[in-house]
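Open the model in your viewer and keep the selection panel at hand. The stops below run from the whole chain down to single residues.

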Amino acid sequence: MHALLTYYLSVLLDSYSDEPTSASFFFGFMGCASALVFACFGAAYGTAKSGVGVSAMGVMRPELVMRSIIPIVMAGVIGIYGLIIAVIVSAAISETDYSPFKGFAHLAAGLSVGLSGLAAGMAIGIVGDAGVRATAQQPRLFVGMILILIFAEALALYGLIVALILSTK
């Protein structure tokens with residue numbers, strides 16, 4: 001194990017050139033995969049957690065179900081952010097002109113949108129679940145819930161902006 005780790009570190013750190021290496025392709029494709037996987041984890045968690053709240057609230061106040069699916073829609077958008085970056089990164093990977101710098105930049109882009117999407121999805125799920133249940137009991141809480149959801153969605157948007165900047169380097 002130690003010899004394998006030493007080999008990989010020597011490949012990454014010993015010489016830097018603009019020539020494509022297998023490590024640069026690895027990091028590029030990992031950026032592509034992590035963008036989609038982590039963003040979809042966040043979207044799935046947010047959708048599931050908010051969906052449980054909508055279902056529980058729908059038993060008491062079925063007329064509010066359509067109004068209460070806003071957290072579910074907002075959670076689904078996070079997955080689209082990851083898809084956008086995954087497509088941009090995968091289109092930028094070429095067999096002939098792909099430096100280690102681009103590989104690291106694409107890994108950073110994928111991780112920034114993916115992990116910020118995961119965090120935003122968790123926040124949207126928790127707020128959406130509690131918010132729709134509270135709105136069923138006190139309708140004046142609806143605007144406050146929407147504002148909190150917007151700030152949670154902004155976290156994923158920040159990651160998307162950084163990822164777009166990094167993926168075009």
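Start with the whole chain and colour by accessibility: of its 169 residues, 40% count as buried. This is a predicted model. Switch to colouring by pLDDT. The average over the chain is 90, and 89% of the residues score at least 70. Which elements mark the two ends of the confidence range, lowest and highest mean pLDDT? Helix H1, residues 2-13, has the lowest mean, 64. Helix H5, residues 142-167, has the highest, 96.

Now show the cartoon. There are five helices and zero strands. Along the sequence the pattern reads α-α-α-α-α. Turn on contacts between residues at least 6 apart in sequence: 85% of them join residues at least 24 apart.

**Stop 1: H3 against H4**

Select residues 70-92 for helix H3 and residues 100-137 for helix H4. Their axes lie 8 Å apart, and the packing angle is about 175°. H3 is therefore roughly antiparallel to H4, since an angle over 145 degrees counts as such.

Next, show the side chains in the contact. On the H3 side, pick Pro 71, Met 74, Ala 75, Ile 78, Tyr 81, Gly 82, Ile 85, Val 89 and Ala 92. On the H4 side, residues in the contact include His 106, Ala 109, Gly 110, Val 113 and Gly 117. Further along H4, add Ala 120, Gly 121, Ile 124, Gly 128 and Val 132. Colour the contact of H3 with H4 by class: 13 residues are nonpolar, six are polar and none is charged.

**Stop 2: H4 against H5**

Keep H4 and add H5. Their axes come within 8 Å and cross at roughly 175°. H4 is thus roughly antiparallel to H5. By class, this contact divides into 20 nonpolar residues, nine polar and one charged.

**Stop 3: Gly 110**

Zoom in on Gly 110, in helix H4. Is Gly 110 buried or exposed? Its relative accessibility is 0%, so Gly 110 counts as buried. Select what surrounds it. Leaving out residues up to four places away in sequence, Gly 110 touches Gly 31, Ser 34, Ala 35 and Ile 85. Then draw a C-alpha to C-alpha distance from Gly 110 to Ala 86: it reads 7.1 Å, for a separation of 24 residues in sequence.

**Stop 4: Ser 34**

Step across to Ser 34, one of the residues that Gly 110 touches. Ser 34 sits in helix H2, residues 22-60. Its relative accessible area is 8%; the cut-off for buried is under 20%, so Ser 34 is buried. Expand the selection by contact. Not counting residues up to four places away in sequence, Ser 34 touches Ala 39, Gly 110, Leu 111 and Gly 114.

**Stop 5: Asp 129**

Return to helix H4 and select Asp 129. Asp 129 counts as buried because its relative accessibility is 11%. What does its side chain meet? A polar contact of 2.7 Å joins the side chains of Asp 129 and Arg 133. A polar atom of the Asp 129 side chain also lies 3.3 Å from the backbone nitrogen of Gly 53. Finish by showing its other partners. Setting aside neighbours within four places in sequence, Asp 129 is in contact with Lys 49, Ser 50, Val 52 and Gly 53.

Notes: Residues are numbered from 1 along each chain as its sequence is written. This is a predicted model: local features need pLDDT of at least 70, side-chain atom pairs count only at pLDDT 80 or more; totals for chains, interfaces and linings use all residues. Side-chain values use heavy atoms; hydrogens and water are left out. Axes are lines fitted to C-alpha atoms, for helices over the stretch in contact, and angles run from 0 to 180 degrees between N-to-C directions. Helices (H or I, at least four residues) and strands (E, at least two) are DSSP runs, numbered from the N terminus. Angles under 35 degrees count as roughly parallel, over 145 as roughly antiparallel, 65 to 115 as roughly perpendicular and the rest as oblique. Contact means heavy atoms within 4.5 Å. Ala, Val, Leu, Ile, Met, Phe, Trp, Tyr, Cys and Pro count as nonpolar, Asp, Glu, Lys and Arg as charged, and the others, Gly among them, as polar. Buried means under 20% relative accessible area, exposed over 50%, partly exposed in between (1.4 Å probe, protein chains only). A polar contact is a pair of N or O atoms within 3.5 Å; within protein, one must be able to donate a hydrogen and the other to accept it, and residues adjacent in sequence count only if both atoms are side-chain atoms. pLDDT is the predictor's confidence in each residue, from 0 to 100.
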